[in-house]
Amino acid sequence: MVFQETNSPFNHQQAELLNNLLPSLTESQKQWLSGYLSAQAGASASVAVLEKPSTNVAAKPVSKEVTVLYGSQTGNAQKLAENARKKLQEKGFEATVLSMSDFKPNQLKKLSNLLIVVSTHGEGEPPDNALTFHEFLYSKRAPKLSDLQFSVLALGDTSYEFFCKTGVDFDQQLEKLGGTRIYPRVDCDLDFEEPAEKWLKGVLDGLGSVEATAEVSVSVSNGTVSVETKPAVEYSRKNPFPAEVLENINLNGRGSKKETRHIEISLEGSGLEYEAGDALGVFAKNEPGLVDLLIQEMKWNPEEPVVIGKDEGPLPLREALISKLEITMLTKPVLQKAVDLTDNENLKELVADRDALKEYMDGRDVIDFVREFGPWKASAQEFVSILRKLAPRLYSIASSLAANPEEVHLTIGAVRWNSFGRKRNGVCSVYCAERIEAGDKLEVFVQPNKHFKLPENPETPIIMVGPGTGVAPFRSFMQEREEIGASGKSWMFFGDQHFTTDFLYQTEWQKWLKEGVLTKMDVAFSRDTEKKVYVQHRMKEHSKEMYDWIQAGAVFYVCGDKNYMAKDVHSTLIDILATEGKMSAEDAEAYLKDMQKNKRYLRDVY
């Protein structure tokens with residue numbers, strides 16, 4: 001083994017000394033030397049502490065152990081938790097990252113430092129993998145935590161009434177149990193990167209520092225030690241990949257009331273990888289016509305330069321509104337900040353009335369708002385400064401990387417509706433449906449979803465419920481299972497409006513059935529019969545067989561609409577467990593919770 005001056009931290013003379021010494025040492029001598037150097041580093045750190053001026057308050061020793069727990073529905077909280085671990089390790093801490101569902105609550109009392117990174121799901125509800133831990137903290141079994149230091153990073157969306165409620169819950173309850181904050185809770189909107197960085201810096205400052213242990217990756221070839229540095233370029237939410245669109249087709253037949261786009265995207269040259277069950281983040285652009293209407297309404301100069309972020313240079317106003325700012329959705333913070341930009345007293349009254357404000361924001365956009373509450377006394381720069389940044393939209397991936405190397409497929413339903421006398425369009429869905437063609441570029445990144453994965457054992461049976469665009473991840477599942485030759489049984493429930501126009505990926509499902517990749521499929525087309533039939537009705541028709549599958553260890557998946565479909569499927573599943581298992585409703589709910597805890601009931605709902 002030879003130390004080279006060019007790939008080590010030693011100068012020429014030191015490298016020569018080491019190369020002369022190391023070959024002559026026995027294994028026991030090397031171990032002793034390693035221990036001696038570690039002890040010297042520890043002693044140096046201790047001396048540094050002892051030499052500090054004494055105070056009347058005894059300094060609390062810095063614990064090297066930090067536990068980071070995350071509760072995540074889409075994967076953002078998990079990614080931020082893993083980034084926190086990386087930064088903590090760089091500072092010398094021993095950091096552990098766990099999903100809240102994998103953490104044993106009875107270990108909480110033993111922790112010294114706890115970081116919580118959690119999103120809020122639905123209307124103020126914890127994510128699925130945070131439910132058990134959330135319940136524990138609010139139960140009589142929750143311990144006193146007078147020795148615990150903690151901090152909470154809360155993720156949310158200001159367009160929802162209960163913004164960051166789960167993070168608030170954890171923060172308040174940990175304090176109530178006796179914990180001490182390392183750093184105050186930070187609540188993040190969809191544009192969470194900057195506040196998350198600020199939170200992590202505050203946490204690191206609050207924890208102090210410990211002696212860092214350098215982690216060096218080396219390779220040995222022909223007795224020569226060399227250090228390899230990996231390229232720093234990584235495509236992510238912060239640095240999306242400009243991916244070429246290979247195909248963009250409408251899956252619905254002529255006469256359908258729906259438009260569902262199947263989009264195939266090249267990942268060639270990106271280095272991006274994904275697993276079945278993950279999501280793809282897509283950065284869209286606002287409709288130019290809508291932006292022009294806003295500029296006209298406010299009498300702005302479209303070419304006026306504006307700054308929208310501290311790390312970004314000025315952009316022409318029109319370009320900033322098209323590519324960078326949210327204008328199709330209103331949030332409480334935007335309206336609150338706008339009060340100072342107009343003399344209209346009606347806006348102040350609206351913001352002060354919680355219920356009226358919630359009702360007003362539903363279905364309206366920035367153009368509605370500027371028309372109603374003018375005249376405005378703000379410059380273009382002042383006005384755009386109150387707007388949220390345009391957040392990426394996440395879509396369940398509809399392909400397997402193994403089956404489609406360097407490609408990713410999406411299934412996107414175009415969203416269009418009318419409200420308050422105007423036609424409205426979903427920002428990303430209609431962008432993809434109307435303004436993106438093969439050969440165009442989409443800015444994308446992979447959003448891992450560790451909570452919606454195929455079972456590790458390919459023999460495990462699976463049941464999938466995915467009406468409409470909820471079919472996307474299950475197409476990915478089937479492609480993956482076909483590639484690996486999974487032998488476990490599979491059962492698909494699909495539903496939509498009409499068999500002839502809305503049976504998404506029909507030929508693929510029929511092929512998988514014929515070849516035995518898919519064991520069983522049941523469909524529900526709600527507008528083809530006098531009485532509307534949905535996927536939950538098909539489930540009930542096969543109540544006994546479904547219960548047998550579950551008893552045999554099947555993993556149950558649901559993807560799609562959370563407000564109606566997912567709730568109906570959940571209720572039906574409880575009914576099936578109660579009826580076929582001869583349980584009470586309470587016992588059936590407990591059984592389903594246990595399935596959830598053991599990752600046998602998994603949901604990707606939106």
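Modeller: Before we look at any loop, note that helices (H or I, at least four residues) and strands (E, at least two) are DSSP runs, numbered from the N terminus. Keep in mind, too, that this is a predicted model.

Biologist: With that in hand, where is K91 found?

Modeller: K91 is found in the loop that lies between α3 (76-90) and β3 (94-99). Its relative accessible area is 46%, and K91 is therefore partly exposed, since that class lies between buried, under 20%, and exposed, over 50%. In sequence K91 is 27 residues apart from K64, while in space the two are 9.7 Å apart, C-alpha to C-alpha.

Biologist: Turning to cysteines, how many disulfides does the structure hold?

Modeller: In general, a disulfide is a covalent bond between the sulfur atoms of two cysteines. For a pair to count, the two sulfur atoms must be within 2.5 Å, and the structure holds zero such disulfides.

Biologist: Why is C188 not bonded to C164?

Modeller: The closest cysteine sulfur to that of C188 is in C164, and because it is 6.6 Å away, the pair is too far for a bond. C188 counts as buried, at 0% relative accessibility. C428 is likewise in no disulfide, the nearest cysteine sulfur being that of C432, 4.1 Å away, and C428 is buried with a relative accessible area of 1%.

Biologist: On the backbone, which residues other than glycine have a positive phi?

Modeller: Among them is E406, whose phi is near 60°; E406 is found in the loop between β15 (393-396) and β16 (407-413), and at 44% relative accessibility it counts as partly exposed. Another is F420, which has a phi of about 50° although it is not a glycine; F420 is found in the loop between β17 (416-419) and β18 (422-425), and with a relative accessible area of 46% F420 is partly exposed.

Biologist: And which peptide bond is cis?

Modeller: The peptide bond running from G374 to P375 is cis, with omega near 0°, and P375 is found in the loop between α12 (366-372) and α13 (380-384).

Biologist: Finally, which residues gather in a patch of negative charge on the surface?

Modeller: D353, D355, E359 and D362 gather there. Of these, E359 has its place in helix α11 (residues 354-361). To join a patch a residue needs over 30% relative accessible area, and E359, with 62%, is exposed.

Notes. Residues numbered from 1 in each chain as written. Predicted model: local features only at pLDDT ≥ 70, side-chain atom pairs only at ≥ 80, totals over all residues. Heavy atoms only, no water. Patch = residues over 30% accessible without salt bridge, like charges linked within 9 Å, V, L, I, M, F, W, Y side chains within 5 Å. Areas by Shrake-Rupley, 256 points an atom, 1.4 Å probe, with all protein chains shown as cover. Salt bridge = Lys/Arg side-chain N within 4 Å of Asp/Glu carboxyl O. Lys, Arg positive; Asp, Glu negative; His and termini not counted. Charge placed at Lys NZ, Arg CZ, Asp CG, Glu CD. Buried < 20%, exposed > 50% of the residue type's maximum accessible area, 1.4 Å probe, protein only.
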